[in-house]
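The following note sets out points for discussion on the structure shown below. They are arranged by element and may be read alongside the coordinates.

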Amino acid sequence: MTKTRRKFFVPAFATAIALGLFAFQALPAFACGGLVAPNGAVRLSRATTFVAWHNGIERYLTAFTYQGDVSNLGWIVPLPAVPLKIEEGGAWTLQRLNRETHPIERSPLQFASGAATADSAQVLQQVKIEALNITVLRGSGQAVLDWATSNGFSVEGDTRAHLLAYAKGSPIFMAAKFDTTAARARHQIQGDGAPILITMRTPHLWVPLEVLALDGQQVQADLYLLTDGPVNTSDFNAWVGQSPVGSDIPGAPGFQVAFQEEMNPTLFHDLSTDRNMGWVWQNSWVTYLSLDAPESAVTYDLGISPNGVLRLAHFGTPPMAVVDGPATRALPSWLPQMPIGTPQVLLGVVVLLSIGGALFFLFRAGRRSHSRSSGASF
């Protein structure tokens with residue numbers, strides 16, 4: 001395996017290969033980028049995904065497009081919990097989100113029988129979505145590596161080290177293998193993947209991001225979040241209602257909140273009427289995060305606190321510990337928060353009051369001067 005192929009954890013819910021170069025106008029990356037392939041002749045587009053969390057349920061929508069030799073292609077990704085369901089996702093949701101946030105650019109699950117031994121990975125679920133054979137596993141890092149090797153995945157060098165590190169945080173993984181025969185039957189020779197929607201029960205939203213870092217390459221990714229309220233980059237900003245748009249996430253240069261808005265009726269209609277997307281709720285917030293950073297800087301995973309604050313932790317940290325782990329300087333969750341945009345509104349009020357006060361004093365000064373000059377004339 002060459003140096004540019006060391007990572008193979010393409011996150012099914014944290015990473016989505018664009019549905020087409022025309023859809024996202026993304027620059028291609030020449031590496032397997034998380035894909036397990038026999039050589040480096042696989043081309044990926046910009047990573048894109050849609051992650052939603054509501055009432056303890058986390059949903060991830062992702063799709064993959066491969067270009068090049070897909071005769072022996074697959075990927076493995078860490079999960080924070082065993083999926084409740086894996087199914088085809090929305091056909092146009094990712095494109096619609098891209099258009100919303102870039103206004104200028106405008107089959108049933110099958111459960112494997114039998115429990116695993118302590119030294120082997122347990123197959124929890126298997127499902128086929130178009131040309132992808134998907135397997136959900138539980139096991140130690142070594143057990144998952146052994147399963148991957150015995151099932152035709154090429155796992156060597158740093159790939160093994162990263163999988164072992166993620167296994168310390170969560171024993172759940174999802175593996176997908178590209179079915180070349182099924183792809184040819186569907187005329188998907190270039191690896192056009194079906195959108196995959198994964199539903200899980202989690203205490204809070206979690207997204208692994210370190211898996212996007214390819215050796216020596218710039219990490220470029222789009223991440224869309226759907227949450228009950230707005231998200232922010234710090235506890236203080238969340239408390240005072242400071243808009244996070246345009247701000248980098250602390251500790252992650254190049255990882256920026258690029259867009260945020262409440263769900264509008266048109267977007268709600270377009271998303272909720274897409275295939276298997278009826279769970280989208282109306283009273284929600286849409287946030288778009290843009291990641292553009294050197295691979296050496298992307299060593300973290302992402303969580304969101306109860307206050308809606310984006311948290312980062314080194315990859316391999318248990319998923320729920322990204323937020324619930326060591327104490328931070330977080331403000332109490334019961335502390336009331338100002339509505340987003342409060343500082344801008346207050347600034348506007350202060351400016352208007354200042355202008356009004358200045359005009360008032362100028363008017364008074366003018367009247368006094370006029371009265372004095374009138375009195376002096378007698």
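1. Strand β17, residues 300-304, is mostly covered in this predicted model; 5 of its 5 residues are buried. The burial extends to both faces of β17. On one side Tyr300, Leu302 and Ile304 are buried, and on the other Asp301 and Gly303 are.

2. Two pairings of β17 deserve attention. With β12, β17 pairs in the antiparallel sense over 3 bridges, and here tryptophan 206 stands opposite glycine 303 of β17. With strand β18 (residues 310-314), β17 again pairs in the antiparallel sense, over 5 bridges. In that pairing isoleucine 304 stands opposite leucine 310 of β18.

3. The hairpin formed by β17 and β18 has 5 residues between its strands. Within this hairpin, glycine 308 takes a positive phi near 85°.

4. Leucine 205 lies in the loop between β11 (196-201) and β12 (206-208). Is leucine 205 buried or exposed? With a relative accessible area of 2%, leucine 205 is buried, because the cut-off for burial is under 20%. Leaving aside residues up to four places away in sequence, leucine 205 touches Val51, Trp53, Glu58, Leu225, Leu302, Gly303 and Ile304. Among these partners, Leu302, Gly303 and Ile304 are buried residues of β17. Leucine 205 and leucine 310 are 105 residues apart along the chain, and their C-alpha atoms are separated by 9.9 Å.

5. Valine 51, one of the residues touched by leucine 205, belongs to strand β3. Valine 51 is buried, with a relative accessible area of 0%. The C-alpha atoms of valine 51 and threonine 62 are 9.0 Å apart, for a separation of 11 residues in sequence.

6. In which order do the strands of the open sheet of 8 strands run? The order is β7-β11-β4-β3-β13-β16-β15-β14, and the pairing is mixed. The edges are occupied by β7 (85-88) and β14 (248-249). Each of these two has a single partner strand, so one side of each is left without a neighbour in the sheet.

7. At one of these edges, β14 pairs with strand β15 (residues 252-262) in the antiparallel sense, over 2 bridges. Isoleucine 249 stands opposite alanine 252 of β15.

8. Helix α2 lies across several strands, namely β3 (47-54), β4 (57-62), β13 (218-227), β15 and β16 (285-294). Relative to β3, α2 runs at about 90°. Of the 9 residues of α2, 7 are buried, so this helix is largely enclosed by the rest of the structure. The buried residues of α2 are Thr93, Leu94, Arg96, Leu97, Asn98, Glu100 and Thr101; charged side chains, Arg96 and Glu100, are thus included in the buried set.

9. How do α2 and α7 cross? The axes of helix α2 (residues 93-101) and helix α7 (residues 265-272) come within 9 Å and cross at roughly 165°. An angle over 145 degrees counts as roughly antiparallel, so α2 is roughly antiparallel to α7. The crossing of these two helices is left-handed.

10. On the α2 side, Thr93, Arg96, Leu97, Arg99 and Glu100 make the contact with α7. The α7 side contributes Thr266, Leu267, Asp270 and Leu271. By class, the residues of this contact divide into 3 nonpolar, 2 polar and 4 charged. Thr93, Arg96, Leu97 and Glu100, which take part in the contact, are also among the buried residues of α2.

11. Two asparagines merit a check of backbone geometry. Asparagine 55 has a positive phi of about 55° although it is not a glycine. Asparagine 55 is found in the loop between β3 and β4, and at 60% relative accessibility asparagine 55 counts as exposed.

12. The other case is asparagine 276, with phi near 60°, a positive value in a residue other than glycine. Asparagine 276 is placed in the loop between α7 and β16. At 35% relative accessibility, asparagine 276 counts as partly exposed.

Definitions and conventions. Residues numbered from 1 in each chain as written. Predicted model: local features only at pLDDT ≥ 70, side-chain atom pairs only at ≥ 80, totals over all residues. Heavy atoms only, no water. Axes fitted to C-alpha atoms, helices over the stretch in contact; angles between N-to-C directions. Helix = DSSP H or I, 4+ residues; strand = E, 2+ residues; numbered from the N terminus. Parallel < 35°, antiparallel > 145°, perpendicular 65-115°, else oblique. Left-handed = near helix turned anticlockwise from the far one by under 90°. Contact = heavy atoms within 4.5 Å. Buried < 20%, exposed > 50% of the residue type's maximum accessible area, 1.4 Å probe, protein only. Pairing = 2+ DSSP bridges.
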